[in-house]
Amino acid sequence: GFPTLNIKPDYPAVLIPAYGVYCVSVDVAGKKYDAICNIGMRPTFSEKEAAREVHVTGRELGSLYGEAIGLSW
């Protein structure tokens, strides 16, 4: 029920943290937002790979499909 940004790292060798929920900062077009990142499996979908989803708290950013964002842990 919460809008999320589904993240795909740009670099194949990027280190992904362990499954869990993290407080993060998201940079979208030069503006920083507080956010929550969930890393883990989504049991309602038949996916074989862990999802990396970010929910920006208190903001509606609209569609950012295909846009590059920065993520700081």
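This passage walks through the fold, the surface and a handful of residues of the chain shown above. The model is a predicted one, in which local features need pLDDT of at least 70 and side-chain atom pairs count only at pLDDT 80 or more, while totals for chains, interfaces and linings use all residues. Numbering starts from 1 along each chain as its sequence is written, and side-chain values rest on heavy atoms, with hydrogens and water left out.

Starting with the overall fold, the protein chain has five strands and zero helices, so the pattern along the sequence reads simply β-β-β-β-β (helices, H or I, of at least four residues and strands, E, of at least two are DSSP runs, numbered from the N terminus). The C-alpha trace spans about 30 × 30 × 25 Å along its principal axes. The radius of gyration of the protein chain is 12 Å, which agrees with the value near 11 Å for a compact globule of 73 residues; this radius is taken over C-alpha atoms, and the globule rule is 2.2 Å times the number of residues to the power 0.38. Of the contacts between residues at least 6 apart in sequence, 45% join residues at least 24 apart, a contact being heavy atoms within 4.5 Å.

Turning to the surface, the protein chain exposes about 5,600 Å², with carbon and sulfur atoms supplying 56% of it (areas by the Shrake-Rupley method with a 1.4 Å probe; for residues, only the protein chains shown count as cover). Buried residues account for 26% of the 73, where buried means under 20% relative accessible area, exposed over 50% and partly exposed in between, with a 1.4 Å probe and protein chains only. As for charge, there are 7 positive and 8 negative side chains, and the centres of the two sets lie 1 Å apart. Lys and Arg count as positive and Asp and Glu as negative, leaving out His and the chain ends, and each charge is placed at NZ of Lys, CZ of Arg, CG of Asp or CD of Glu.

Strand E2 (residues 20-28) holds Tyr 22, which belongs to an aromatic pair with Trp 73, in the segment after strand E5 (70-72) and 51 residues away. The count is one such pair. Its ring centres lie 5.5 Å apart with the planes at 90°, so the pair is edge-to-face (rings of Phe, Tyr and Trp, the last by its six-membered ring, pair with centres within 6.5 Å; planes under 30 degrees apart are stacked, over 60 edge-to-face and the rest tilted). Tyr 22 is partly exposed, at 26% relative accessible area. Ser 25 is also found in strand E2, and its contacts include Gly 70, Leu 71 and Ser 72. The C-alpha atoms of Ser 25 and Gly 70 are 8.1 Å apart.

Ala 29 sits in the loop between E2 and strand E3 (31-40) and is exposed, at 77% relative accessibility. Its phi is near 50°, a positive value in a residue other than glycine. Most residues other than glycine have a negative phi.

Further along, Glu 53 lies in strand E4 and counts as buried at 15%; among its contacts are Thr 4, Ile 36 and Arg 42. Thr 57, in the loop between strand E4 (51-56) and E5, is partly exposed at 35%. Thr 57 touches Asp 34, Ala 35 and Ile 36, leaving aside residues up to four places away in sequence, and its C-alpha atom is 6.1 Å from that of Asp 34.
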